[in-house]
Each structure stands twice: as structure tokens, then as C-alpha cells.
Amino acid sequence: MFRFDESKCYRMPAHFGGFDCPGPEAALYYRDAVSITFAYTTDENQLANYVPEGFELVRPELNISYSQFREIDWMAGGGYNLVQVSVPARYNGKRDQLEGQFILVVWENKTWPILGGREETGIPKIYADIEDLHIIQPNYYTTASYEGNTFLRLEMLGAKPVDWKTLAQMQTSAATINALGWRYIPRVGGPGADLSQPILYPQDAEVHSAWTGSGTVKWTQLSWEQNPGQWHIIKALAELPMLETTPTIMSKGIVILKPNKGRVLK
Ligand SMILES: CC(=O)CC(=O)O
């Protein structure tokens, strides 16, 4: 008979055995990371509909960040692409008060990183096909789609290197990233949840070089028939007005995730 060992960590299917739990200092290195971030201000009341109680918006700003990750240690040197949509938010709890990016949704193009980041650390990850960057210097293009239906096109145009001062500021702010999420594990047989809790997932990045340019974000709403599990998420995001866009930023460097420093916020 399989028996759980309380001193071990497990992932489903747990009954094939556990592993030694990584200590709090464990870090996951993404050694070749290219990220492009698009940001725009939007309607505050409309955006607040998607931010759970306990968090408050710092600014009514939507950040859409595309990342192409390669040379990932824990994936044996493999990689994946993602599109993360987040808002600047503050958690005002009894014990914890901190600012970070509350993550509304992350689309990823591989299963393995979806599972870990989602059930273990509360990042709301779902699947999409996400293109590698298509590059015609100085322009960068990508799309996200679901079973053949494109719902997001991102374009960075006229990329040029940032000055040293901007690079230094980016290096400082990337040194600590508070990714904030809401971990929700539905109750078997429902309604309600077995777990429903705010979480902190600490991360940081070493920015080696960066570019700025203009950007376009094009959402395309899908019907239920085209994307039965996600159409409502895409609709909610596509309906947020793009009021003012800020320059698009591309960075190259290393990303370091620290899931074992993650915690439930109180
Ligand atoms: C380790 C993973 O599964 C990736 C993540 O936490 O985002």
C-alpha cells in the first residue's frame, strides 16, 4: 500500500512517490528570458470588478507581458512562452501589507509550468498556443490563439535601446517582484471551494539589456463555440477601454522564481 510521508513534498499523482522538499532558498532559474510589456490605463471601476476583496488597485493600469523563456533549469533546459495580464495592486491584510502585480490571468503554451504555478502557488494559469517572437528588425510580433482561433496580437514597433539611466531603473525595480494571486481549489462536488486564499509568489529578474518602442495590443473576442472555457475572460479584458498607452518595453536577461518563499497572505 502507498502511504504518504509527511516529511516529503508531493505532486499529483502523489502515489508514485514524493521528493525532498526544496528549502526556502530554492530558486528556479530561467537563463534566457525575453519579455515585452505593453501597458495602458483603463476604466478604474470596470477593472476593479476583477480584483478580489482584500486587494486594492494602485493605478487603473493593465499590464500585458509576453515572455519567451528558454534554458530553464527545472525543465532540463527546455522552455515555454506566456502572456501574463496583471494590474498594480496593494494587499491590505492584518499581517501583510504589500504592493505588487495582481495577476488576472496567465496563458502558457505548456502543461508542466501551468500545473506547478497554478495549484501550488495560486497563479491563474490557463492554456493557449503562443507564438515565438517573429522578428523583422526593429519590429517584434506575436499572437495567442486557442485551437486555431487568435484572440490576442501583440506588436512592438521601432524597438531601440534604452539609455543607461532607464536600464539602471529597470534593473532596480526588477530585483524584487511581488507576484500576487488568488489560489482557488474548487470543492469536490461543489459549490464553493476547498481553498480560496490570496498568495504572494516572490520572483526577481536580472535585466541585462532593454529596448523601448511603440506597441499595439489587439484583442479579438471569441465565441463560446471557439473557446468554451476562456471566452468570458477574453471578453472581460477586451472590453476594458485603452485610455492611454505607455511606451512598450522589451527586456532580455534572467528570471528567478522563488516558489518556496511564496506564502498565503493574511
Ligand atoms: C515551477 C513552475 O511550475 C512554474 C511557475 O511556478 O510558474
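**Figure 1. Polar surroundings of R183 in the predicted model.** The side chain of R183 meets the side chain of Q197 in a polar contact of 2.6 Å. This view, like those that follow, is taken from a predicted model. R183 belongs to strand β13, which covers residues 177–186. A polar atom of the R183 side chain also lies 2.9 Å from the backbone oxygen of E119. R183 is buried but has no salt bridge. The side chain of E119 is the nearest one of opposite charge, and the distance to it is 7.8 Å. Because a salt bridge requires the side-chain nitrogen and the carboxyl oxygen to be within 4 Å, the separation of 7.8 Å between R183 and E119 does not qualify. Leaving aside residues up to four places away in sequence, R183 touches E119, E120, G122, L195, S196, Q197 and I199.

**Figure 2. Helix α2 and the residue that follows.** The buried residues of α2 are P113, I114, G116 and G117. An α-helix has 3.6 residues a turn, so residues three or four places apart point the same way. The buried residues of α2 pack against three strands, namely β6, β7 (97–108) and β8 (125–127). After α2 comes G122, which has a positive phi near 75 degrees.

**Figure 3. Surroundings of the ligand.** The residues around the ligand are L28, Y30, W74, P113, G116, G117, K125, Y201 and L257. Two side chains are shown with polar atoms facing ligand oxygen atoms: that of K125 at 2.5 Å and that of Y201 at 2.7 Å. P113 takes part through its backbone, with an N or O atom 3.5 Å from an oxygen atom of the ligand.

**Figure 4. Aromatic pairs.** The whole structure contains twelve aromatic pairs. One of them joins W74 and W112 in a tilted arrangement, with ring centres 6.1 Å apart and 55 degrees between the planes. This pair links distant parts of the chain, 38 residues apart: W74 lies in the loop between β5 (61–72) and β6 (78–92), and W112 lies in helix α2 (residues 111–120). W74 counts as partly exposed because its relative accessibility is 28%. W112, at 43% relative accessibility, is likewise classed as partly exposed. Elsewhere, F55, Y91, F102 and W182 are linked by ring pairs into a cluster.

**Figure 5. A salt bridge between two loops.** The structure holds 15 salt bridges, among them the one between E25 and K261, whose closest N and O atoms are 3.2 Å apart. The two residues are 236 positions apart in the chain. E25 sits in the loop between β2 (19–20) and β3 (28–41), whereas K261 sits in the loop between β15 (244–257) and β16 (263–264). E25 is exposed, with a relative accessible area of 59%, while K261 is partly exposed at 37% relative accessibility.

**Figure 6. Further salt bridges and a network.** R59 and E61 form a salt bridge with an N to O distance of 3.4 Å. R59 is partly exposed, at a relative accessible area of 41%, whereas E61 is buried, at 12% relative accessibility. A salt bridge of 3.7 Å, N to O, joins the side chains of R187 and D194. R187 is partly exposed, with a relative accessible area of 42%, and D194 is also partly exposed, with 48%. Salt bridges with shared partners connect E56, R90 and E99 into one network.

Notes. Residues numbered from 1 in each chain as written. Predicted model: local features only at pLDDT ≥ 70, side-chain atom pairs only at ≥ 80, totals over all residues. Heavy atoms only, no water. Helix = DSSP H or I, 4+ residues; strand = E, 2+ residues; numbered from the N terminus. Buried < 20%, exposed > 50% of the residue type's maximum accessible area, 1.4 Å probe, protein only. Lys, Arg positive; Asp, Glu negative; His and termini not counted. Polar contact = N/O pair within 3.5 Å; in protein donor to acceptor, adjacent residues only side chain to side chain. Contact = heavy atoms within 4.5 Å. Phe/Tyr/Trp six-rings, centres within 6.5 Å; stacked < 30°, edge-to-face > 60°. Near = heavy atom within 4 Å.
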